[in-house]
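Work through the following exercises with the sequence and the structure at hand, and try each task before you read its solution.

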Amino acid sequence: MTALPSTLQRGACPALSAPMMTGDGLLARISLIEAISPGQLAEICRLSLKHGNGMVDISARGNLQVRGLSEISAPRLDADVRGMDLPLREGLAVEVPPLAGMDDSEIADPRPLVEAIRDAARGITGLAPKMAVVVDGGGLLRLSDLLADIRLVAVGKHDWKLLLGGAEQSARIFNVLRETLVVDTVMDLLKRLASLGNKARGRDLTSGLAVNDTAPHTPTSSSGLSRGSAGVATVDPSQMLGTSPSMTTRNAAASPFELLTLSDGLHAVGIGPAFGQAKAEHLIALCDEAARLGIQSLKPAFDHSLLFFGTGVACRALRDFANDNGFIASATDPRSHIAACSGSPACNSATIATHEIAAAAAVECADILDGSFKLHVTGCPKGCAHPQPAALALCGTADSVSLIAQGKAADQPFAFSSFADTNATLRRLADLVGSERRPGENSAACLARIGSDRLAAAATGRP
Ligand code: SF4
């Protein structure tokens with residue numbers, strides 16, 4: 001076997017033409033910018049059987065991933081997928097909520113801005129491979145929990161809050177801009193990032209900026225970047241015409257695993273494989289059923305989901321089919337509240353079989369998985385499945401499973417559990433939350449209130 005080019009090393013972005021080596025072979029990512037048909041997804045699944053090991057991921061950001069490729073089969077998959085004439089994303093990742101333009105509750109349609117940003121960014125080279133711009137017009141499904149280097153959030157019909165780094169809540173506010181100034185400002189920021197080298201990320205521009213919150217603020221910066229540069233006009237959110245307080249305090253994203261009513265009588269239903277990974281045959285069966293029901297389009301979306309678009313009747317029928325066939329098709333499914341990476345044996349870095357532990361946790365901890373937090377189950381401290389802090393995380397170590405509260409996978413654990421005792425440990429933690437929960441309190445708040453010391457005592461079975 002020849003040495004892998006640098007694009008195939010761990011940490012690189014596993015794009016279609018530059019797959020990444022994992023525990024079960026090369027992994028190629030297929031990123032789409034528009035909906036495709038159920039027949040096209042079924043064809044991608046058939047290609048995964050032909051060229052890979054027949055396992056298909058839907059990533060947390062809504063990308064398709066084909067696993068188990070070889071150095072010979074990966075370029076063949078690349079050619080076959082390109083031959084399908086799919087709406088593949090090329091260049092900078094500029095992401096919108098999956099219902100953009102179809103959702104009456106949207107504050108603003110983000111798609112024109114997205115196209116303009118994609119076009120303008122074509123000439124910018126040297127950006128970090130995973131650089132991501134999110135343009136979120138609000139609405140039923142938000143991208144608030146996805147990390148973004150640059151994030152634009154609609155706060156009025158023609159006004160956008162620009163944030164840098166992190167998820168929406170933890171990002172830093174750069175400015176609030178009139179729409180006419182957004183593209184130039186984003187280009188300024190991207191060029192600045194490119195000039196800092198291909199490891200620079202949005203957070204590197206945040207020095208001195210305030211953390212995002214809903215309170216009005218006066219833009220002041222000590223970041224070295226002038227927020228008034230390039231003729232950028234600032235708008236104090238409290239002074240914006242046509243901006244109601246509710247626009248600046250919209251709730252974070254709802255689950256995609258719902259039946260959603262869209263404009264023009266259209267419906268969408270979110271369906272996903274457990275922990276983001278499915279056998280190609282199972283996805284083909286789901287796509288065949290969707291086509292049989294007259295559903296003509298679908299989009300892979302965040303939270304490892306597939307959004308199918310059709311009539312209410314067709315979407316309900318597909319949801320029933322998905323339920324009967326082991327897919328997640330409801331926001332109350334405890335599995336939808338667990339973020340688990342591929343783990344062992346699919347990933348070389350993993351020390352635990354994350355999907356096994358997550359499946360057991362969905363049973364052992366179902367009563368505390370109320371949607372207020374994601375239980376993070378990770379094969380190593382890199383934490384691919386949930387880079388943000390979690391109320392509770394389980395992380396594989398060389399000889400045990402570490403437990404982390406209110407932190408990232410790499411943060412200080414409050415306790416350790418042997419592999420064999422993991423389920424029982426989770427049960428003890430769930431029992432503690434169940435007995436301590438106050439009326440009206442959700443699990444995330446209860447876990448935070450209980451605190452690490454008492455969680456550690458419960459995890460180890462101490463009285
Ligand atoms: S977090 Fe999981 S998928 Fe990512 S490198 Fe670690 S074990 Fe592998």
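**Exercise 1: a sheet of four strands**

Three bridges connect strand E10 with strand E11 (residues 267–271), and the two run antiparallel; helices (H or I, at least four residues) and strands (E, at least two) are DSSP runs, numbered from the N terminus. The model is a predicted one, in which local features need pLDDT of at least 70 and side-chain atom pairs count only at pLDDT 80 or more, while totals for chains, interfaces and linings use all residues. Residues are numbered from 1 along each chain as its sequence is written, and side-chain values use heavy atoms, with hydrogens and water left out.

Task: Find the order of the strands in the open sheet that contains E10, and state which strands stand at its edges.

Solution. Start from the pairing rule, by which two strands pair if DSSP finds at least two bridges between them. Within the pair E10 and E11, leucine 260 stands opposite alanine 268 of E11. Following the antiparallel pairing through the four strands gives the order E10-E11-E14-E13. Strand E10 (259–261) and strand E13 (297–301) each have a single partner strand, so they stand at the edges and one side of each is left without a neighbour in the sheet. The twist from one strand to the next averages 25 degrees, where angles run from 0 to 180 degrees between N-to-C directions and axes are lines fitted to C-alpha atoms, for helices over the stretch in contact. Finally, helix H7 (residues 312–324) lies across E10, E11 and strand E14 (305–310), running at about 10 degrees to E11.

**Exercise 2: two packed helices**

Task: Describe how helix H8 (residues 354–364) and helix H9 (residues 422–436) pack, and which residues make the contact.

Solution. The axes of H8 and H9 are 10 Å apart, and the helices pack at an angle of about 35 degrees. Next, list the residues in contact (heavy atoms within 4.5 Å): H8 contributes Ile357, Ala360, Ala361 and Glu364, while H9 contributes Thr422, Asn423, Leu426, Arg427 and Ala430. Sorted by type, the residues of this contact are five nonpolar, two polar and two charged, where Ala, Val, Leu, Ile, Met, Phe, Trp, Tyr, Cys and Pro count as nonpolar, Asp, Glu, Lys and Arg as charged, and the others, Gly among them, as polar.

**Exercise 3: the chain as a whole**

Task: How many helices and strands does the protein chain have, and what share of its residues is buried?

Solution. Counting the elements gives 10 helices and 19 strands. Of the 463 residues, 54% count as buried, that is, under 20% relative accessible area (1.4 Å probe, protein chains only).

Technical notes:
Buried means under 20% relative accessible area, exposed over 50%, partly exposed in between (1.4 Å probe, protein chains only).
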